[in-house]
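Subject: Structure handover and notes

Dear colleague,

I am handing over the structure we spoke about, and I would be glad if you kept it open while you read the notes below.

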Amino acid sequence: NDIQIASDNSVVIQGMPQSEIENLTLRGINFRVNDAFDFSHRTEREGGTSSYSDENFTRFVRKPTYLALAHINGFSIDGVRMVIPKGISSQFPRSAVGVFNSQDGVIRNVTCQGTKTPAAPPLVDLQDCHAIAFEHSA
């Protein structure tokens with residue numbers, strides 16, 4: 001609830017195919033992009049032990065989105081506000097929210113303030129998802 005983020009990177013919340021995150025709720029996220037950053041060589045920080053393959057350490061952190069959710073079963077996202085200063089969105093066009101390999105979710109009130117480019121991806125990007133409902137995203 002009521003999270004303030006200022007960063008040039010993305011936030012990634014990721015379960016695993018064999019162990020999904022369940023019943024995730026995110027509300028009131030204000031994200032200000034403060035610089036342009038190339039995600040193409042980015043890797044996820046490792047901690048502890050993991051059964052991930054190497055691809056899973058980079059797969060979702062390199063997606064062109066500022067808030068990435070992956071392998072989630074049951075989620076609610078309500079009130080994501082992106083602020084992207086002029087010039088940054090044209091260097092690295094990204095969606096505000098990307099949801100991957102997930103199901104049974106509700107997405108409400110996602111907004112983006114900043115320059116829109118012709119090559120911009122959708123505000124909310126869904127890939128390999130099912131049973132997702134939208135309410136007022138602009």
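What follows is an account of the sheets, the aromatic pairs and a few backbone details.

Please bear in mind throughout that this is a predicted model.

The two sheets

One open sheet has five strands in the order β1-β3-β5-β7-β9, and its pairing is parallel. At its edges stand β1, which covers residues 3-7, and β9, each of which pairs on one side only. If you look along this sheet, neighbouring strands are turned against each other by 25 degrees on average, with direction ignored. The contact between β1 and β3, the latter being residues 21-33, is made by five bridges, and the two strands run parallel. To find this place in the viewer, you can start from Gln4, which stands opposite Asn30 in β3.

A further open sheet is formed by four strands in the order β2-β4-β6-β8, and here too the pairing is parallel. Its edges are taken by β2 (11-14) and β8, and because each of these has a single partner strand, one side of each is left without a neighbour in the sheet. The twist in this sheet averages 15 degrees from one strand to the next. As general background, the strands of a sheet pair through backbone hydrogen bonds, in either a parallel or an antiparallel sense.

Within the four-stranded sheet, β6 deserves a separate look. Strand β6 pairs with β4 in the parallel sense over five bridges, and β6 pairs with β8, again in the parallel sense, over four bridges. Val99 is a useful landmark in β6, since Val99 is the bridge partner of Leu69 and also stands opposite Leu126 in β8. Six of the six residues of β6 are buried, so this strand is largely enclosed by the rest of the structure.

The aromatic pairs

The count of aromatic pairs comes to two. One of them is formed by Phe31 and Tyr66, whose rings are 5.7 Å apart from centre to centre, with 55 degrees between the planes, which makes the pair tilted. This pair links distant parts of the chain, with Phe31 in strand β3 and Tyr66 in strand β4, 35 residues apart. Both Phe31 and Tyr66 are buried.

The other pair consists of Phe60 and Phe100, and because their ring centres are 5.6 Å apart and their planes stand at 35 degrees, this pair is tilted as well. Phe60 lies in the loop between α1 and β4 while Phe100 lies in strand β6 (residues 95-100), so the pair ties together parts that are 40 residues apart in sequence. Phe60 counts as buried because its relative accessibility is 2%, under the cut-off of 20%. Phe100 also has a relative accessibility of 2% and therefore counts as buried.

Val61 is found in that loop too, between α1 (54-58) and β4 (65-70). With a relative accessible area of 3%, Val61 is buried. The C-alpha atoms of Val61 and Asn9 are separated by 9.0 Å, although these residues are 52 apart along the chain.

Two backbone details

In general, most residues other than glycine have a negative phi. Which residues, then, show a positive phi without being glycine? One is Asn109, where phi is near 55 degrees, and another is Asp128, where phi is about 55 degrees.

Their settings can be described in turn. Asn109 lies in strand β7, which covers residues 103-114, and because its relative accessibility is 32%, which falls between the cut-offs of 20% and 50%, Asn109 counts as partly exposed. Asp128, for its part, has its place in the loop between β8 (124-127) and β9 (130-135). Asp128 counts as exposed because its relative accessibility is 59%, over the cut-off of 50%.

With best regards

Terms used. Residues numbered from 1 in each chain as written. Predicted model: local features only at pLDDT ≥ 70, side-chain atom pairs only at ≥ 80, totals over all residues. Heavy atoms only, no water. Buried < 20%, exposed > 50% of the residue type's maximum accessible area, 1.4 Å probe, protein only. Pairing = 2+ DSSP bridges. Axes fitted to C-alpha atoms, helices over the stretch in contact; angles between N-to-C directions. Phe/Tyr/Trp six-rings, centres within 6.5 Å; stacked < 30°, edge-to-face > 60°.
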